[in-house]
Amino acid sequence: MSWSKLKQNLESFLSPALNGRFEYRSTSYRYLPDKAGLCYIAVDKKNVFNMTDTTNLIRWYQTELEIKNDPDIRIPVNHEEIEAIRKETKGAVPEDRLIVIARNRKITEHAKELLSAQSALSKSNFVVVANQFLSSPIEESMESNDILLNVLALMDRRVGKKRLLNMADNMKLKHPVVQFFYELRLN
């Protein structure tokens, strides 16, 4: 599918609230009209999401330690996780320390998932992921671990305000790129 046709298909699913603010862009090569060069997403005429550019407005993580030390990431810990650690330590650890241990384990797991998703994104091809988005159900794209699929799904008109509001807790665990577009869509 040519870039112009792909862009037209993606824009046909774009939420009406984002018309004029959000656009898909691509550089193209003169002698390869069917091949898109770099693809990126622009919001208010600014390039916000370019998969290969780490100097854009949205934070890209380099190490697991950066994610662990980021104060913006808040990981909720449930009672079952605390109980699992209590059983593991045979009750020898104080209650407040159990919560810290559970949160640290969950942050480590979350950091590894974020970095693997981020590295997969930098290697992915926008056109391939966009075609996958267009051919799969919206629920599948929303639940995917692929950052770009999540962004495309969030901008989709089939995702209503009520569904967006119900996703607030899940968005806390997503990459900052996905969180940025979630906030954009809520506004």
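I take a residue as buried when its relative accessible area is under 20%. The model I am reading is a predicted one.

**Entry 1: aromatic rings**

I began with Phe181 and found a relative accessibility of 0%, so I recorded this residue as buried. I then looked up its ring partner. Phe180 and Phe181 form an edge-to-face aromatic pair, with 5.2 Å from centre to centre and 85° between the planes. Phe180 has a relative accessibility of 30% and therefore went into my notes as partly exposed.

How many aromatic pairs does the count give? I noted 3 aromatic pairs. Another of them joins Phe22 and Tyr24, which are also edge-to-face, at 5.2 Å between centres and 90° between planes. I checked the accessibility of both residues. Phe22 is buried, because its relative accessible area is 4%. Tyr24 is likewise buried, because its relative accessibility is 2%.

Which residues do the ring pairs link into a cluster? I listed Phe22, Tyr24, Phe180 and Phe181 as its members.

**Entry 2: helices α1 and α5**

I turned next to helix α1, residues 3–12, and helix α5, residues 126–135. Their axes come within 11 Å and cross at roughly 45°. I considered which term suits this angle: angles under 35 degrees count as roughly parallel, and 65 to 115 as roughly perpendicular. I therefore entered α1 and α5 as oblique to each other. The crossing of α1 past α5 is left-handed.

Which residues of α1 meet α5? I found Trp3, Leu6, Asn9 and Leu10 on the α1 side. On the α5 side I listed Phe126, Val127, Ala130, Asn131, Phe133 and Leu134. Sorted by character, the residues of this contact comprise 8 nonpolar and 2 polar, with no charged residue.

**Entry 3: positive phi values**

I looked finally at backbone angles. Most residues other than glycine have a negative phi. I noted two residues that depart from this pattern.

Asp44 has a positive phi, near 55°. I located Asp44 in the loop between β2 (32–43) and β3 (46–50). Its relative accessibility is 39%, so I recorded Asp44 as partly exposed.

Lys90 also has a positive phi, near 60°. I located Lys90 in the loop between α3 (79–89) and α4 (95–123). Is Lys90 buried or exposed? I entered Lys90 as exposed, because its relative accessible area is 74%.

How values were computed: Residues numbered from 1 in each chain as written. Predicted model: local features only at pLDDT ≥ 70, side-chain atom pairs only at ≥ 80, totals over all residues. Heavy atoms only, no water. Helix = DSSP H or I, 4+ residues; strand = E, 2+ residues; numbered from the N terminus. Buried < 20%, exposed > 50% of the residue type's maximum accessible area, 1.4 Å probe, protein only. Phe/Tyr/Trp six-rings, centres within 6.5 Å; stacked < 30°, edge-to-face > 60°. Axes fitted to C-alpha atoms, helices over the stretch in contact; angles between N-to-C directions. Parallel < 35°, antiparallel > 145°, perpendicular 65-115°, else oblique. Left-handed = near helix turned anticlockwise from the far one by under 90°. Contact = heavy atoms within 4.5 Å. Nonpolar A, V, L, I, M, F, W, Y, C, P; charged D, E, K, R; others polar.
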